[in-house]
Every structure is written in C-alpha cells, then in structure tokens.
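Work through the following exercises with the model in view, and compare each step of the solutions with the coordinates.

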Amino acid sequence: MSFPLLGRHNERVKLIRALHTAAGRERIGCFLAEGPRVVSELLHSAFPVRLLLCRAREEHYWSELAAAAVKNGAEVYEAEEQLLEQLSPAKTSQGVLAVAELPSYTWEHLLSCARIVVLEGIQDPGNVGTLLRSARAFGFAGALCLGGADPFNARAVRSSAGAVFALPILRFSAGGEISEWLKPLQKGGFALITAVAHGGVSLPQTTFPNRAALLLGAEVSGVSAEASGAAAVEVTIPLEGNCESLNVAVAGSVLMYEMSRRVITDFN
C-alpha cells in the first residue's frame, strides 16, 4: 500500500506547523497526535481524523493505521524522514503523525458524569496528560481545565495515552470568574474536594461522595484561595520522612485511586 509523498511546500505542511501552538489549534479547530499507539487510539475513537502522515518506505510499520484512516475518510500521505522530523511536535519523530478535529463538549456532557477532575492552572502538559490518564483509569468520567496547559497539546495527548479521546473535557481561560464553573458544578450536585499539601483532612480519615469534583492546583502555587474557600473539604496526603510534597500528577493519581475505592452516598 503506497500513498502520495508530501512535499515541503504542500499546504498541509503549513497546517501541521500551525497546530504546534494553542492559538493555531484554536483557530483551525484541530490538534496533533503522534506515535502508533496514540494514533491507533485516536482512529478507534469518535474523533474525526483529517490527515495521517507516515514515514516513507516503512509500510510494514504503519499499514494497519493507514487502512483504518482511509476507512474513516482521512487523507494519508507519506513524508521523508527530514520533513517528518521538522513537523514532529516531539524531539524525535515516531514515524506517524495525525491531524484530528477538536471536540466540542458542553456542560451537559460533564454533568452527566458521577466524578470529574478539575485542573486549575496546571502548566506542564505532561502533568495534564498524566492526570487525564489516571482519571480515565480510576473512573473519573470527565475533566474541567481552568487555564494551564492545553489538554490537546501534543505532549499532553501523548501523556494521556488516549484519555483525551475518551473523556469529555471543558476548558476555561485563566483569570475568569470562579462562578463560571463553580455554579454549574454546585447546581449539578457535585461536592468540591480540593487537594492541599498541608493542613487538610488526612486522606486515611476522609470519605468521599459518589458525586464529586476533585480540584487539583498549579504545580507551585496549588489551589487558588478562592477555589479553596468554596471546597466542601480539603484533603492532604500524609507523607513520611522529610518529603515536603508530591508532584501534582502523583498526588492527583493517588487521590483519584482512593476516591474510586472509598465512596459514600451522602456527604456532610
């Protein structure tokens, strides 16, 4: 199976380069996914895929992905190694790159979930992707991103291991009013649980409602004072030795695991 060779002056090259930035993704309404595993997850999701770009002369490596892309109505091109390296959002290309349309979710999608994770100002795309991956693994059915890294940044997509294709995700820009997202959650019956490094209820002594939103704050500053003040409870993971704190992705994953195994129907 062979496909047209993508030239460096092709308009699709300009499109892919534009998707390296959040502004470009927002303007075009698409994002990038790279690597055979992530692209396979994408092709098996409901996301429309526009383009699949594969390393030339390596049909044995990507032929099944190409067949799935063609079946889904996507364009498929081959690219020489040098061009693919230039277009890759990673330091080293994995040989397969896809362009897919950004999803459009509403509060209706999010409020149908029993548990969600809320990411406030988390700047590292790897942390965002890892937290979304853990959310999917531990039964959190949706996510709310308040500023911070774009969950459809290529690194976040890769770190999520396909979770961005499975979870409804709502995004709000940084600096907005807390009421924009808090009121809909409260109206939907969610209890807001915030994670704090110190001073909260110790995790072993905490019980969780079935309908909860776990709020995780930025890597350095943590949860904002305004959001913390709106929480039903603040929870702290007890640490031993001289450990000061955990990485937000680790802490969030621990909390989501515990919330998945220790829930109660009512919350006081």
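**Exercise 1.** Determine which residues L52 is in contact with, leaving aside its neighbours within four places in sequence.

*Solution.* Taking contact as heavy atoms within 4.5 Å, one finds V39, L65, A66, A69, E75, V76, Y77, V96, L97 and A98 around L52. The model is a predicted one, in which local features need pLDDT of at least 70 and side-chain atom pairs count only at pLDDT 80 or more, while totals for chains, interfaces and linings use all residues. Residues are numbered from 1 along each chain as its sequence is written, and side-chain values use heavy atoms, with hydrogens and water left out.

**Exercise 2.** Place L52 within the largest nonpolar core.

*Solution.* A nonpolar core is a set of buried Ala, Val, Leu, Ile, Met, Phe, Trp, Tyr and Cys residues joined through side-chain atoms within 4.5 Å, where buried means under 20% relative accessible area (1.4 Å probe, protein chains only). L52 is among the residues that touch the most other members of this 55-residue core, together with F31, L42, L119, L132, F165 and L216. Helix α11 gives the most to this core, namely six residues; helices here are DSSP runs (H or I, at least four residues), numbered from the N terminus. A second, separate core of 17 residues includes C113, L146, L215 and A227.

**Exercise 3.** Decide whether V250 is buried, partly exposed or exposed.

*Solution.* V250 belongs to helix α11, which covers residues 248-261. Because its relative accessible area is 42%, V250 is partly exposed, a class that lies between buried and exposed, the latter being over 50%.

How values were computed. Helices (H or I, at least four residues) and strands (E, at least two) are DSSP runs, numbered from the N terminus.
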